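Student: Could we go through this one together, starting with the charged pairs and then moving to the interior?

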Amino acid sequence: MAVHVYSSPLPTLFFPTTQNPLFRSQRLRSGQRRLLIRASQLQTIKLDKSTLKVSEAISEGELWAASALRVRSFYDFKPSTFAIQDHKKYLAEREYEALKERVAGKRLGFKRVSCINATLPLSQISSISEDLSNTCKISLCGEDRVVVGSLDINQCIRLPDEITGMKPEGLKADFARAYISNVCVAEELYRNGLGYALVAESKRVAGHWGITDLYVHVAFDNEAAKNLYIKSGFVHENDEPAWQARFLDRPRRILLWSDLSNCYHL
């Protein structure tokens with residue numbers, strides 16, 4: 001799931017790292033291009049999944065690494081781009097501050113937000129990608145690890161600029177509905193089941209929050225993402241109107257739903 005395999009990079013997502021529409025369009029279009037073109041060109045690297053950890057981010061270092069991975073996944077930079085590293089750092093800082101604000105419960109309209117990361121030991125990733133190792137390295141329980149996948153769970157009635165889920169109805173919607181967003185996996189590690197592991201953990205966490213209805217948005221033609229979510233137990237609920245997608249200058253989305261009412265609850 002960096003090639004954005006998973007949620008609509010355009011994703012599911014978005015809480016743009018910036019309100020500048022130029023940056024937003026760049027992020028959405030480049031993410032879609034990477035998904036449709038680069039995914040088919042990547043060679044599969046098999047991982048030792050016994051070393052994989054998928055858990056909620058606790059430290060600021062984990063949130064920073066997740067933000068850096070999102071910039072790496074959702075934007076496409078030409079090698080000739082002026083001051084490319086400074087630009088990436090700026091975007092990562094914007095996403096980091098926004099992510100901290102959401103997780104801290106300071107975003108109006110959100111009851112709770114959690115960042116879930118998938119990590120692998122640095123020793124396993126350093127031979128695969130030096131850039132990924134340097135960009136997304138963290139220290140977790142005294143061990144050097146690398147964030148290789150990430151997503152957010154958002155407990156809220158709706159996400160900005162997205163189709164709103166219809167379940168549950170009535171007052172329960174204030175606390176029992178959640179959305180997955182910002183799903184990404186390092187492109188070097190596609191096809192290793194990392195996206196599935198992230199979604200499975202998000203469902204477990206959401207269930208313990210008391211969430212009964214979990215949603216995710218995905219681009220209409222993103223077959224890889226749709227297949228992932230269907231495999232994870234999601235079903236189709238609604239389509240984004242074509243006019244809305246044109247107005248927001250992005251690919252059209254569909255809304256998928258998963259019933260958690262009988263799962264995970266304490």
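Student: Is Asp131 buried or partly exposed?
Tutor: In this predicted model, Asp131 is partly exposed, with a relative accessible area of 40%.

Student: And which residue does Asp131 form a salt bridge with?
Tutor: Its partner is Arg72, and the closest N and O atoms of the two are 2.7 Å apart. Because Arg72 lies in helix α2 and Asp131 in helix α5 (residues 130-135), the pair ties together parts that are 59 residues apart in sequence. Arg72 counts as buried, at 17% relative accessibility.

Student: What about Arg70, which residue does that one pair with?
Tutor: Arg70 forms a salt bridge with Asp152, where the closest N and O atoms are 2.6 Å apart. Arg70 belongs to helix α2 (residues 60-74) and Asp152 to strand β4, so this pair ties together parts that are 82 residues apart in sequence. Arg70 is buried at 1% relative accessibility, and Asp152 is buried as well, with a relative accessible area of 0%. Through salt bridges that share partners, Arg70 and Asp152 are joined with Glu95 and Arg102 into one network.

Student: How many salt bridges does a search of the whole structure find?
Tutor: The search finds 16.

Student: Switching to the interior, which residues touch the most other members of the largest nonpolar core?
Tutor: Those are Leu132, Val148 and Tyr229, in a core of 52 residues. Helix α7 (residues 194-209) contributes the largest share of this core, six residues.

Student: What is Val148 in contact with, beyond its neighbours within four places in sequence?
Tutor: Its contacts include Leu69, Leu120, Ile125, Leu132, Cys184 and Leu194. Apart from that core lies another, of nine residues, among them Cys156, Leu159, Tyr215 and Trp257.

Technical notes. Residues are numbered from 1 along each chain as its sequence is written. This is a predicted model: local features need pLDDT of at least 70, side-chain atom pairs count only at pLDDT 80 or more; totals for chains, interfaces and linings use all residues. Side-chain values use heavy atoms; hydrogens and water are left out. A nonpolar core is a set of buried Ala, Val, Leu, Ile, Met, Phe, Trp, Tyr and Cys residues joined through side-chain atoms within 4.5 Å. Buried means under 20% relative accessible area, exposed over 50%, partly exposed in between (1.4 Å probe, protein chains only). Helices (H or I, at least four residues) and strands (E, at least two) are DSSP runs, numbered from the N terminus. Contact means heavy atoms within 4.5 Å. A salt bridge is a side-chain nitrogen of Lys or Arg within 4 Å of a carboxyl oxygen of Asp or Glu.
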